[in-house]
Amino acid sequence: MASQRNLDLGTALAEAERRFVDAHPHSARRHRDAGRVMPGGNTRTVIYYPPFPVAIARGEGCHVWDIDGNRYTDFVAEYTAGLYGHSEPAIVAAVKAALDDGIVLGAPNRYEARLAELIVDRFPALELVRFTNSGTEANLMAVSVARVFTGRSKVMVMQGGYHGGVFIFSGNGSPLNAPFPFVVVPYNDVEAARAAIRANAADLACVILEPMLGGGGCIPASVEFLAMLREETRAAGALLIFDEVMTSRLAPSGLHGALGIVPDLLTLGKYLGGGLSFGAFGGAARIMERFDPSRPDALGHAGTFNNNVLTMAAGVAGLTQVLTPERLIAFNAGGDALRARMNDAIAARDLAVHVSGRGSMMNVHFVRGPVRSPADVASASKDWLKLLQLEMLARGYYMTFRGMLVLSLPHGPAELDGFAAAFESILDEYAPLLR
Ligand SMILES: Cc1ncc(COP(=O)(O)O)c(C=O)c1O
């Protein structure tokens, strides 16, 4: 058992931060320099954490190296976009082949319809699909078409949900959110959401949610909650949109396929572009055919890079050569086993810690479980998450500042065992403070 720390959380955090600063002088300098030309030295809020983020120089398999020369096993996995790892040979070869044929063709190319076919075949909710450059754009398009299709305005979302930089519903939301009339309901609260749908039925265009909150803490929706939403939106004449930008990786047919609940529209992103910029939205033909440009009343959908050859080629290679259903199922089972091991370790020490999630996505929370909604973790100190990140970095494991852990295909038993052992050593070290 690791030596137990006779410290308070503030002192432990200050010590860990000092060690972090000492180990990352180049990252510190890069951050300072970047601040001259980018606000806070940053162009993507989620990858900032104080005092400065480690800058990554390169990745290979499931490992990354920072510019200070430290090597980590990567449990950030690009917030789920990195499912294939950093150097999957089939994807690298496909991108190189596409590059050789020119990269800005300005026309339909030979990859996009193949990727669309693979994706439509995979996910039960999809009859027709369109590509975008990001998950955010996919959600903007899905919500917008829902409003046009229904002729209604209101958009119901979940407290703690996240659908992109203009769809942030944690805490008090964001002043930058898209200017839709949002109705925010508590996640997994069957009766509150049912009542809100009924109360807003006359002008409710859609309900959009993640079937498991991703950035909101890897909190799965109950089947009862999703089934109620399916039934009530249908009765209200509103569309049900599942944002599976993250969760589609949890089963070969996506989380909605695994649960047997089919939304009207589905949004996708992240790994499906092989690790390159990607988004997609699609669903029932009766809705999506409105985008057919040969129709006199066609809805326009623009995007210079919607069918960019690198993403399309990488996506096809991933789905045809790498991500077989068997492999995806085994991959997620590995995540379930890791999460179970971490929760067993917590229970054995009787600590106020819980790991939520499903399959290859999980989140550590510094509260006693179970965790059913963001409200259940609202009171937890963020300092513990920060300390966990610093302690994991010091042990050679790259992870997010918010406790989210994501697996990638190259993670093998050695990496998962090593991670679990490192986590257990941290629990031992701080156990007296966590009871
Ligand atoms: C559930 C969900 N929806 C949408 C998005 C936005 O995707 P992107 O970052 O590609 O715009 C994210 C990104 O993390 C997400 O987790």
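Guide: Before we start, a word on classes: Ala, Val, Leu, Ile, Met, Phe, Trp, Tyr, Cys and Pro count as nonpolar, Asp, Glu, Lys and Arg as charged, and the others, Gly among them, as polar. Also, this is a predicted model.

Visitor: Okay, so how does the shell around the ligand split by class?

Guide: The shell around the ligand holds 10 polar residues, 4 nonpolar ones and 2 charged ones.

Visitor: And which residues come nearest to the ligand?

Guide: Ser134, Gly135, Thr136, Gly164 and Val245 do, out of 16 residues around the ligand.

Visitor: Which helix gives the largest share of that shell?

Guide: That's helix H5, residues 135-150, with 3 residues in the shell.

Visitor: Switching to the backbone. Which peptide bond has omega near 0°?

Guide: The one from Pro50 to Pro51, and this bond is cis. Pro51 sits in the loop that runs between helix H2 (25-34) and strand S1 (56-60).

Visitor: What about the bond that joins Gly369 and Pro370, cis or trans?

Guide: Cis, with omega at about -5°. Pro370 is in a loop too, between strand S14 (361-365) and helix H12 (382-394).

Visitor: What's phi like at Ala77?

Guide: Positive, near 50°, in a residue other than glycine. Ala77 belongs to the loop between strand S3 (71-74) and helix H3 (89-100).

Visitor: Is Ala77 buried or exposed, and why?

Guide: Ala77 counts as buried because it has 32 C-beta neighbours inside 10 Å, and the cut-off for buried is 20 or more.

Visitor: Then there's Thr80. Where is that one found?

Guide: Thr80 is in the loop between S3 and H3. Its phi is positive as well, about 95°, although Thr80 is not a glycine. With 25 other C-beta atoms within 10 Å, Thr80 is buried.

Visitor: Let's talk about the inside. Which residues touch the most other members in the largest nonpolar core?

Guide: Cys206, Val207, Ile241 and Ala313, in a core of 118 residues. Each of domain 1 (9-75 + 325-433) and domain 2 (89-322) supplies at least three residues to this core.

Visitor: Any general background on such cores?

Guide: In soluble globular proteins, nonpolar side chains tend to be buried together.

Visitor: Back to Val207, then. What is Val207 in contact with, leaving aside its neighbours within four places in sequence?

Guide: Val207 is in contact with Met156, Ile197, Leu229, Thr233, Ala238, Leu240 and Ile241. Ile241 also came up a moment ago, among the core residues that touch the most other members.

Key. Residues numbered from 1 in each chain as written. Predicted model: local features only at pLDDT ≥ 70, side-chain atom pairs only at ≥ 80, totals over all residues. Near = placed C-beta within 6 Å. Helix = DSSP H or I, 4+ residues; strand = E, 2+ residues; numbered from the N terminus. Buried ≥ 20, exposed ≤ 12 C-beta atoms within 10 Å, placed from the backbone. Core = buried A, V, L, I, M, F, W, Y, C linked by C-beta atoms within 7 Å. Domains from an automatic or database assignment. Contact = placed C-beta atoms within 7 Å.
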